[in-house]
Amino acid sequence: MNKKEHRAHMGIRPRLFLALAALTILFILLLWIFQIRLLSYFYEREKFSEMEELASELSEEIGTADFEAKVKLHAQDDGVCIRIFRIEESSEQSGEKVAVKVADGEATSDCIIHHLPPEQLSKIYDLTKENGGTYDRRMELQTDFSDSEEFRVPGFHRRGSSTNAVHARLLETEGREYLLMLDVQLTPVDAIVNTLEIQFLWIAAALLLATFIAAFLGSRMIANPLIRITEKARGLAKGNYEPDFSGQGYREVQELADALNYAATEIGATDRLQKELIANISHDLRTPLTMIKGYSEMMRDIPGENSPENVQAIIDETTRLSELVNDLMDLSKLQSGTQKMNPTVFDLTATVQDTMQRYDTLIRHQGYRIEFHPAGEALVKADRTMILQVVYNLINNAVNYTGESKRVVVTETVKDGRVRLSIADDGEGIPPDKIPEIWDRYYRVDKVHNRSVIGTGLGLSIVKGILESHHAAYGVDSAVGVGSVFWFELPLCDPSDKASE
Ligand code: ADP
């Protein structure tokens with residue numbers, strides 16, 4: 001199994017857990033970087049810039065009245081140790097420089113600049129000069145010396161250590177050179193970071209635990225309805241079409257359950273229809289076969305029954321049987337879309353007139369009256385054989401269902417570039433609520449499936465299939481006790497279309 005397949009087979013639970021765990025770890029990492037690792041860095045930068053600001057303020061105040069008092073006040077207010085020296089040439093003409101204290105403010109006893117011996121003070125002066133006038137440095141004040149090679153504070157005893165930020169600045173005012181030194185303690189923030197680190201470990205552990213619980217509960221909440229639906233869907237595959245999928249909780253799961261319920265209902269209905277269809281077909285095939293067998297046996301066993309009438313009965317039943325088989329084949333071809341259409345331009349009027357001849361026997365021997373009111377030439381472009389079958393099926397139905405009058409009227413009308421063929425009878429008519437269903441295969445208004453009466457029960461669904469494949473309008477107007485008018489329309493085409501064929 002490759003990696004991709006493995007991922008596809010991973011359930012919601014481990015996937016959700018992994019996603020949440022990854023998110024939490026990322027969150028913890030970011031928190032650790034910004035809250036712990038970078039805290040002292042940001043604090044230090046903040047302190048250096050505060051000291052820079054204060055140094056600039058002091059530079060402007062140098063030489064003003066009560067300068068020393070102002071420095072003390074700044075030190076107190078801002079918590080910064082300040083030392084200001086004036087740099088003068090040594091009086092001994094040695095070229096050496098001496099630092100004369102100008103002002104001093106001590107904010108804490110842990111400050112480094114107040115503990116530096118003179119030689120280290122002059123080192124800071126040199127470094128500041130080299131550096132272009134300002135010098136920033138982080139310094140450690142150890143038990144009795146600084147960890148830095150350069151700065152040691154001998155004899156300074158205290159417990160633990162202190163980390164300080166030192167800012168030095170050189171400036172010239174009225175021809176005199178000054179060295180400003182500021183010092184602020186960073187140690188408290190280091191201590192805070194230590195505390196935070198411990199707190200952080202606890203928070204991280206709690207977060208991971210919370211993630212685990214949330215992933216477990218969350219994935220259960222999401223996965224359980226899906227697991228239930230999957231089990232039910234397996235039942236669907238085994239033939240249980242009861243639509244009892246339920247999806248509590250989530251809209252998406254509910255929608256899935258609704259879709260599956262709908263599918264189950266539809267599959268159930270199709271399944272029922274299919275079973276009904278098989279039962280009907282078997283019945284319809286068996287009836288003529290029984291008749292044929294009955295007649296044949298009668299003719300074989302009973303002397304004198306070998307009459308032309310009985311042979312005719314067998315022929316009639318065989319015809320009916322082949323009609324049924326043909327209808328079934330037509331319908332299945334239409335429904336599966338394998339029936340190829342072969343559209344040609346032809347005159348509908350002439351086609352209907354041709355069909356009329358098929359009813360001659362019916363008219364002559366059984367007293368039916370089939371009238372045709374044509375509308376002159378009506379050229380249409382369609383599959384002639386198929387349209388012929390539509391006309392034939394509709395007239396057949398009208399003959400079968402017409403009333404005592406035994407009258408069927410076929411009317412052709414032309415309007416708005418269309419030709420409409422209406423086949424009317426004055427039979428019992430169709431109840432309005434049954435009309436939409438008569439187009440379904442094997443649907444019969446009269447549920448008694450009496451094959452010996454008429455039709456194959458497939459006629460109208462074949463009509464519907466053919467007309468829909470021609471995109472033709474069709475319908476029925478019927479009133480109970482008055483009769484029915486079945487109709488369809490086809491667009492007319494120009495005689496030039498026929499010529500160009
Ligand atoms: P059948 O072989 O039963 O006629 P069809 O598909 O042709 O099958 O018709 C379906 C049903 O529609 C018929 O069983 C009948 O109930 C109804 N029907 C069709 N044509 C007419 C009509 N002209 N008058 C009344 N009912 C009709």
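In which loop is Asp 66 found? The legends below, drawn from a predicted model, begin with that residue.

**Figure 1. Asp 66 occupies the loop between H3 and H4.** The phi angle of Asp 66 is positive, at about 55 degrees, although the residue is not a glycine. Most residues other than glycine have a negative phi. With a relative accessible area of 60%, Asp 66 is exposed, because the cut-off for that class is over 50%. The helices on either side of this loop are H3, residues 39–61, and H4, residues 67–78.

**Figure 2. A patch of negative charge gathers acidic residues on the surface.** The patch consists of Glu 46, Glu 52, Glu 53, Glu 57, Glu 60, Asp 77, Asp 78 and Asp 136. Helix H3 provides the largest share, with five residues. Helices H3 and H4 each contribute at least two residues to the patch. Asp 136, another member of the patch, lies in strand S3, which spans residues 134–141. The relative accessible area of Asp 136 is 37%, and this residue is therefore partly exposed.

**Figure 3. Strand S1 pairs with strands S5 and S2.** Strand S1 covers residues 81–89 and runs antiparallel to strand S5, residues 176–185, to which it is joined by seven bridges. The pairing of S1 with S2, residues 97–105, is likewise antiparallel and extends over eight bridges. Phe 85 has a bridge partner in each of these neighbouring strands: Leu 179 in S5 and Lys 101 in S2.

**Figure 4. The side chains of strand S7 alternate between two faces.** In a regular strand the side chains alternate between the two faces of the sheet. Within S7, residues 369–373, Ile 370 and Phe 372 point to one face and are buried. Arg 369, Glu 371 and His 373 point to the other face and are not buried. Two residues of this second face, Arg 369 and Glu 371, form a salt bridge whose closest N and O atoms are 3.3 Å apart. Arg 369 has a relative accessibility of 46% and so counts as partly exposed. Glu 371 is also partly exposed, because its relative accessible area is 22% and the buried class requires a value under 20%. Elsewhere, Arg 251, Glu 252 and Glu 255 are joined into one network by salt bridges that share partners.

**Figure 5. Strand S7 pairs in the parallel sense with strand S9.** Strand S9 comprises residues 407–415, and five bridges connect it with S7. One residue of S7, His 373, has Thr 411 of S9 as its bridge partner.

**Figure 6. A salt bridge between Arg 37 and Glu 197 links distant parts of the chain.** Side chains of opposite charge can pair when their charged atoms come close. The N to O distance between Arg 37 and Glu 197 is 3.2 Å. The pair links Arg 37 in helix H2, residues 12–37, with Glu 197 in helix H6, residues 187–237, and the two are 160 residues apart. Arg 37 has a relative accessibility of 44% and therefore counts as partly exposed. Glu 197, with a relative accessible area of 25%, is partly exposed too. The structure holds 18 salt bridges.

**Figure 7. Arg 300 and Asp 301 form a salt bridge.** The closest N and O atoms of Arg 300 and Asp 301 are 2.7 Å apart. Arg 300 counts as exposed, because its relative accessibility is 63% and the class begins over 50%. Asp 301, by contrast, is partly exposed, with a relative accessible area of 47%.

**Figure 8. The loop between H12 and S11 contains His 471 and Ala 473.** The loop follows helix H12, residues 459–469, and leads to strand S11, residues 474–479. His 471 has a positive phi, near 55 degrees, in a residue other than glycine. The relative accessibility of His 471 is 76%, so this residue counts as exposed. Ala 473 is partly exposed, with a relative accessible area of 32%. The C-alpha atoms of Ala 473 and Trp 487 are separated by 8.5 Å, and the two residues lie 14 residues apart along the chain.

Key: Residues are numbered from 1 along each chain as its sequence is written. This is a predicted model: local features need pLDDT of at least 70, side-chain atom pairs count only at pLDDT 80 or more; totals for chains, interfaces and linings use all residues. Side-chain values use heavy atoms; hydrogens and water are left out. Patches are made of residues with over 30% relative accessible area and no salt bridge: like charges are joined within 9 Å, nonpolar side chains (Val, Leu, Ile, Met, Phe, Trp, Tyr) within 5 Å. Accessible areas come from the Shrake-Rupley method with a 1.4 Å probe; for residues, only the protein chains shown count as cover. A salt bridge is a side-chain nitrogen of Lys or Arg within 4 Å of a carboxyl oxygen of Asp or Glu. Lys and Arg count as positive and Asp and Glu as negative; His and the chain ends are not counted. The place of a charge is taken as NZ of Lys, CZ of Arg, CG of Asp or CD of Glu. Helices (H or I, at least four residues) and strands (E, at least two) are DSSP runs, numbered from the N terminus. Buried means under 20% relative accessible area, exposed over 50%, partly exposed in between (1.4 Å probe, protein chains only). Two strands pair if DSSP finds at least two bridges between them.
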